[in-house]
Amino acid sequence: MTDNTIIRFNSVTKRYDNDPPVLKNVSFEIERGKFYTLLGPSGCGKTTILRLIAGFTEPSEGDIYFNGKVINHVPANKRQVNTVFQDYALFPHLNVFENIAFGLKIKKLKKAEIERKVKEALRFVNLEGYENREIKDMSGGQRQRVAIARAIVNEPEVILLDEPLSALDLKLRTEMQYELRELQRNLGITFIFVTHDQEEALAMSDEIFVLNSGKIEQSGTPTDIYDEPINRFVADFIGESNIVAGAMIKDYEVRFAGKLFECVDGGFEPNEEVEIVIRPEDLAITAPDDGKLKVKVDSQLFRGVHYEISCYDSDGNEWLVHSTKKATVGDQIGLHFDPEAIHVMRHGETEEEFDKRLEAYEEGSHEN
Amino acid sequence: MRTNSRNFYLIPYVLWILLFVVTPLLLVLYYSFFDIEGHFTLENYREFFTPVYLKMTLSSFWYAFLITLFSLLIAYPTAYLLTKTKHKQLWLLLIILPSWINLLLKAYAFLGIFGTYGAANSFLEVMGIGSRQILFTDFSFIFVSVYIFLPFMILPIFNSLDELNPTLLDASNDLGGSSWVTFKRVIFPLTLDGVKAGCQIVFIPALSLFMLTRLIAGNRVITLGTAIEQHFLVTQDWGMGSTIAVFLIIAMVLIMVLTGRRKRGIL
C-alpha cells in the first residue's frame, strides 16, 4: 500500500438478508487523483461498491479504508465523498443555486463564500448565469451538470458517479464524456465512475475494474483490458470479439480452426487447451487463397465507419470482421491477421496468475 | 363528430354539478335574503356581524384549528413510520378501517368509553387518579374529533411521503445533511402538498361540525355548524341558517385558495 492510496477494500462481502452475496470477498485499492471505472452488466455489484464507499450501506464482512482508516460505520454525511446519482436526485423544490449550495449551507459557510463557490462550480460545468433557474426548466444535460456542480462544490476527495450519462442521448453522452474527463483532470479529484457501457469506460478511465456477479474479473488500464482480456467474460464484455477454442502446441505456437499459427503468447503447458481471441478489427479481408483462414461470408451490416461482416469457417466457427472494404454475401474470402492479433486465454486463470505468467514469459522473451 | 360525442359523455357530469352543487348553492344564497316570515331582507347579514355570531365564528375557527393541529401532529409521524414498515398497505388499511364505520356509531361508542362509569374512568381509578368528568369537556370534544379526522390527515401525508424519491434522501445525506437537516430541508418541504391537502380535508369539515358538539361536548361548544342545524331544525329560521352557511362557504373557499398548490414549496 502506497501513500497515494485513498480507498482500500479489504475482502469486502455484502449480502442483503439471507440472499446470496451481491459482493464476494472483493479487495482493491483506489489511488488519489485518478479516473476509475467500475464496469459490468447490471446486477454485478458495481453500484453496491459505490454505495459502500458513499456510506449508504455497510459491508457484511471485511473492511473499507479511507485514507488508512476503517470507515465501515462512518455515516454518509460524515464522509469526504460526494455522489452524482443516476437520476441526478436534484431537489425539485430548490433552484439551481440552492441545490448547489445545499452542502455548503450545511457546513455553515458565510453567504459571500457560498456565492463565490457556487459561481465557480457553475463555471466549471459551463452553466454560468443559471443560478436562478428551476430544476424542472432544465434539460437532461443541464441537470446532469447541476448534479456534478453540486458534488464538486463541496471539494470532496472522491466523487462517485453512478451511471450519470445513461439518461442522455448518444451525442450529448459523448460530449459529456469529454467534459467529465477534462473536469477530472482540472480538479485532480479521484473519480469513481460506474457504467455498463464499455465504450464509455474505455474512453474515460485511467483504470477499469471489470466486474461480474460480485467479483472483480480484471483490473487494468483500458488498453490492457482491451488487448489482454483475462477470460471469455472480459473479452466478450469489452468490445466485439471472436473467441474460438484452440490448443497451445508450445510457446508461440497455437492451433485453432484446424491450423497452426504463430503467436506471441507463452507460459502454457504443452498442448494445453485454451481459448483464443481475435478482435474483428484485426482481421483483414484478402483473396480466398492469400489469407490465413478461408471463410464464407454469411451476412453483412453497414455500421457507418465500417462494415460488420459475419463469416463462418469450414469448422463452423463464426468470425466477425470489421472492415472498410465491402464483401459479397455468399462469397469465399480469405482472412489475414498478424501474430500479435492473437490473444490466448487460459481456462479459469485468475488475475494474479495471469499477471505472473505474463511477467514470466515476457522476461523470458527479453533474454532471447 | 368527435367533439359531439365527447359532449355527450359530459351530460351526466354537468347534470350532477347543476343539481347537487350549483342549485343548492344558489338556494342557500337565495334563502339568506329572507327573514323568518318570508320577507326579503338584508337583516340576516347585519345579524351575523353581532357579537353572538362573531363569537360563534371565532370559536368554530379556534376548535377547527385545534383539531387540525393535533391531527397533523399525530398524523405526520404516523404516516412517516407507516412508509417505513414492511407491509405498509396493510397498516394503512387498518388505520383507514375505522373511518368506514358510521360517525354516529363511533360517537356513541365514545359516550360509553368516556362516561362516568366508562372504560376511561375505570382506568383512571386503577391508576389511582380517580374518576372525573371526561365527557362534555373541550378535551373529549377535541379528542374524539381528532380521532375521527385522523385517517383523512394521514392518507394524503402518507401518499406524499410514499412518492418521495428515496435517492433525494441519500443525496441530502451525501451532501452532509443529518437526519434532522434532511427532514427540515428535503422531506418536509417536499411533502408540504400532502400536509396542505390533509389540513384542508380536516379543517373545512371541522368548521361545521355539529353532531359531536352535542353528543360529546354536550352543547358546551357551539360552532357555526351547530347554529345552522339549530336554525333549520329548531327555530325554523332558514334565512339566518342560510346566511351562516354563506359565510361558512366563503370561509371554505378562502381556505382552499390559501392552502392551494403553489409553484414551489417554502424556502
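In what order do the strands of the open sheet of chain A run, and is the pairing mixed? The order is 6-7-8-3-9-10, with 6 strands and mixed pairing. The model is predicted: local features need pLDDT of at least 70, side-chain atom pairs count only at pLDDT 80 or more, and totals for chains, interfaces and linings use all residues. Residues are numbered from 1 along each chain as its sequence is written, while chains are lettered from A and ligands numbered from 1 in the order in which they are written.

**View 1. The open sheet of chain A and its edges.** The edge strands of chain A are strand 6 (81-84) and strand 10 (215-220), each paired on one side only. Strands are DSSP runs (E, at least two residues), numbered from the N terminus; helices are runs of H or I with at least four residues. Two strands pair if DSSP finds at least two bridges between them. Direction ignored, neighbouring strands of this sheet are turned by 20° against each other on average. At one edge, strand 6 of chain A pairs with strand 7 (residues 158-162) of chain A in the parallel sense, over 4 bridges. There, A:Val81 has A:Val158 of strand 7 as its bridge partner.

**View 2. Strand 3 of chain A, enclosed.** Strand 3 (residues 35-39) of chain A is largely enclosed by the rest of the structure, because 5 of its 5 residues are buried. Buried means 20 or more other C-beta atoms within 10 Å of the residue's own; exposed means 12 or fewer, partly exposed lies in between, and C-beta atoms are placed from the backbone. In a regular strand the side chains alternate between the two faces of the sheet. Here A:Phe35, A:Thr37 and A:Leu39 point one way, A:Tyr36 and A:Leu38 the other. Strand 3 of chain A runs parallel to strand 8 (residues 190-195) of chain A, joined by 5 bridges. Strand 3 of chain A also runs parallel to strand 9 (residues 207-212) of chain A, joined by 4 bridges. A:Leu38 stands opposite A:Val194 in strand 8 and opposite A:Phe209 in strand 9.

**View 3. Two helices of chain A.** Helix 1 (residues 46-54) of chain A is mostly covered, with 7 of its 9 residues buried. Those buried residues are A:Lys46, A:Thr48, A:Ile49, A:Leu50, A:Leu52, A:Ile53 and A:Ala54. A:Gly55 follows helix 1 of chain A and has a positive phi, near 95°. A:Lys105 sits in helix 2 (residues 96-106) of chain A. A:Lys105 counts as partly exposed because 16 C-beta neighbours lie inside 10 Å. From A:Lys105 to A:Leu211 the C-alpha distance is 37 Å, at 106 residues apart in sequence.

**View 4. Chain B, overall.** Chain B has 13 helices and 0 strands. Its C-alpha atoms fill a box of roughly 75 × 70 × 35 Å, taken along the principal axes. Of the 267 residues of chain B, 31% count as buried. Among contacts in chain B between residues at least 6 apart in sequence, 71% join residues at least 24 apart. Two residues are in contact if their C-beta atoms, placed from the backbone, lie within 7 Å.

**View 5. Helix 3 against helix 7 in chain B.** Helix 3 (residues 51-84) and helix 7 (residues 138-163) of chain B pack at about 45°, with axes 7 Å apart. Helix 3 of chain B is therefore oblique to helix 7 of chain B. Axes are lines fitted to C-alpha atoms, for helices over the stretch in contact, and angles run from 0 to 180 degrees between N-to-C directions. Under 35 degrees counts as roughly parallel, over 145 as roughly antiparallel, 65 to 115 as roughly perpendicular, and the rest as oblique. The contact of helix 3 with helix 7 of chain B has 19 nonpolar, 4 polar and 1 charged residues. Nonpolar covers Ala, Val, Leu, Ile, Met, Phe, Trp, Tyr, Cys and Pro; charged covers Asp, Glu, Lys and Arg; the others, Gly among them, are polar.

**View 6. Helix 7 against helix 10 in chain B.** The axes of helix 7 and helix 10 (residues 192-207) of chain B come within 7 Å and cross at roughly 160°. Helix 7 and helix 10 of chain B are therefore roughly antiparallel to each other. Among the helix 7 residues that meet helix 10 of chain B are B:Phe149, B:Phe152 and B:Met153. The helix 10 side includes B:Val195, B:Ile201 and B:Val202. By class, this contact of helix 7 with helix 10 of chain B divides into 11 nonpolar, 5 polar and 1 charged.

**View 7. Chain B meets chain A.** In this interface, 17 residues of chain B are in contact with 16 residues of chain A. Helix 8 (166-174) and helix 9 (179-190) of chain B are the elements giving two or more residues to the chain B side. Helix 8 of chain B gives the most, with 6 residues. That side of chain B has 7 nonpolar, 7 polar and 3 charged residues.
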